Structure formats: structure tokens, C-alpha cells
Amino acid sequence: MKKLSLIVCSGLLAIGMLSCDKAENKGTATASSTTTKSNVDKKTVYVNTDSLLANYQFYKDAQKEFENKGYRLQVDLGQRERGLQGELQAIQQRAQTMTQAELQGADMMLKKKGAELQQYSQQRQQALATEQAKKMQELYANIREYIKKHNAENNFEFVLGYTTAGGGILYADESADRTNEIVDGLNKEYAETKKSAPAAPAKK
């Protein structure tokens, strides 16, 4: 799932630049005073996306979920491929006793099953990729919504995404790091969501 982490880091960098609302102008003197106060109160902070992903329980649960689904899919495809291979070996063992027509029919049957298996594999992998993309959209939405609520109290002008692996931000002062409080808040909301979610039906 390393590829997943890289995709998410890239997406999180785009979450930054959350602008706050500015007060309306009420005359030249008032506007000047408001602007000065705004510049003092508002500031730019950042979230370390590497640390956020490493500590946000929603992402860790999603990563584990798709690792398990990916593993189960590989097991399923492996079993189907071995089954097809077994049919091929069985035909090879009987080849000397089969007529030319029977051999041609068996060959066509195996090719058809091989094509069906390939199509099945592509469909399942595409479905898994689509499900994964939806989960990542949910991840981004959670972060955006929480930052909006968090920012209503803190009045930040920009919340930037920063990663030590590189990106548009070449330097970030640690005093502007708000990663821990953002992660703590996200995890608190996620824990409350999991508590209120209906329990999954037991597998038979």
C-alpha cells in the first residue's frame, strides 16, 4: 500500500490554503482598522501530512481494510488460476487419447476460461480501486471539514500541507505546526463516529 500513501500525501497538499472570511468595508477609517487587526490576528500554519497519515486512525483503518481486501483478492485469483492450470494439465494427460476435434474443443474452452478469468481479475481490481478512491475522498472530506470547524476558533488565514518528502513548501517553522491538535481532533471525531455506527453483522 506504499502507492496509496504517496497518492494521499499528494492529495493532502492540495487541501491547504484555507482562506478565512474578511469583514466588509464600512468606511475608509473602519476598513483600515479592520485590515490592520486582521493582519495581526490571522496567520499561516501548516499540517505535516506524513505525521497526519501516520497517526490518523481513519487512515490506518482504511489502509488495513484495503490491505486485507487486496490479499483476499489475490488469494481468490490464485485459486482460480490454479484451477484453470489443473484443467490444462488434465487435458495434457489425456491428449494422446483424444481426437483432433476434442483437442480443438478443449483448447477453445481453455482459451475462453482464460479470457473470462482475465476479465474477472480486471473487474475485481477496478472495483477495489474505485472503492479505495471513494475512501480517500472521504478522508479528504473529513480533514477539510474538521479544519473548517477548527479554524472558526483559531482564525488562521492559511492551513498548508507540508511533507518532508518534498513539495511546494521548502521550509516550515515548527512554531506554526498544528499537526498534533488537528490529528487529535480528527481522531476524537472518528472515535465518536465509530461508536455511533451500527455494528456489522456477524459472519456465518
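A residue is called buried when its relative accessible area is under 20%, exposed when it is over 50%, and partly exposed in between, using a 1.4 Å probe and protein chains only. By that rule R124, at 34% relative accessibility, counts as partly exposed.

Please keep in mind that this is a predicted model, where local features need pLDDT of at least 70, side-chain atom pairs count only at pLDDT 80 or more, and totals for chains, interfaces and linings use all residues. Residues are numbered from 1 along each chain as its sequence is written, and side-chain values use heavy atoms, with hydrogens and water left out.

## The overall layout

The chain has six helices and two strands. Both kinds of element are DSSP runs numbered from the N terminus: helices are H or I with at least four residues, strands are E with at least two. Reading from the N terminus, the order is α-α-β-α-α-α-β-α. Of the 204 residues in the chain, 29% are buried. Now look at contacts, meaning heavy atoms within 4.5 Å. Among contacts in the chain with a separation of 6 or more, 87% are between residues 24 or more positions apart.

## The nonpolar cores

In soluble globular proteins, nonpolar side chains tend to be buried together. A nonpolar core is a set of buried Ala, Val, Leu, Ile, Met, Phe, Trp, Tyr and Cys residues joined through side-chain atoms within 4.5 Å. The largest one here has 20 residues, and L52, Y56, L139, I143, V159, I182 and L186 touch the most other members. Two or more residues each come from β1 (44-48), α3 (49-55), α4 (57-94), α5 (100-154) and α6 (179-196). Helix α5 gives the largest share, six residues. Another core lies apart from this one and has six residues, including L84, M98, A106 and L117.

## How α5 meets α6

Two packed helices are described by the angle between their axes and the distance between the axes. The axes of α5 and α6 come within 10 Å and cross at roughly 120°. That makes α5 oblique to α6; angles under 35 degrees would count as roughly parallel, over 145 as roughly antiparallel and 65 to 115 as roughly perpendicular, with the rest oblique. Axes here are lines fitted to C-alpha atoms, for helices over the stretch in contact, and angles run from 0 to 180 degrees between N-to-C directions. On the α5 side, the contact includes N142, I143 and Y146, while α6 offers residues including I182, G185 and L186.

## Salt bridges

Side chains of opposite charge can pair when their charged atoms come close. A salt bridge is a side-chain nitrogen of Lys or Arg within 4 Å of a carboxyl oxygen of Asp or Glu, and the structure holds 12 of them. Here are some examples.

| Pair | N to O distance |
|---|---|
| R80 and D76 | 3.0 Å |
| D76 and R124 | 3.2 Å |
| K148 and E145 | 3.8 Å |

D76 appears in two of these rows, pairing with R80 and with R124. At 17% relative accessibility D76 is buried, whereas R80 is partly exposed at 40%. R80 and D76 are about one helical turn apart because they sit four residues apart in helix α4. The pair of D76 and R124 links distant parts of the chain, with D76 in helix α4 and R124 in helix α5, 48 residues apart.

K148 and E145 are three residues apart in helix α5, so about one helical turn separates them. K148 is partly exposed at 47%, and E145 is partly exposed at 43%. Salt bridges that share partners also join E65, K69, E131, K135 and E138 into one network.
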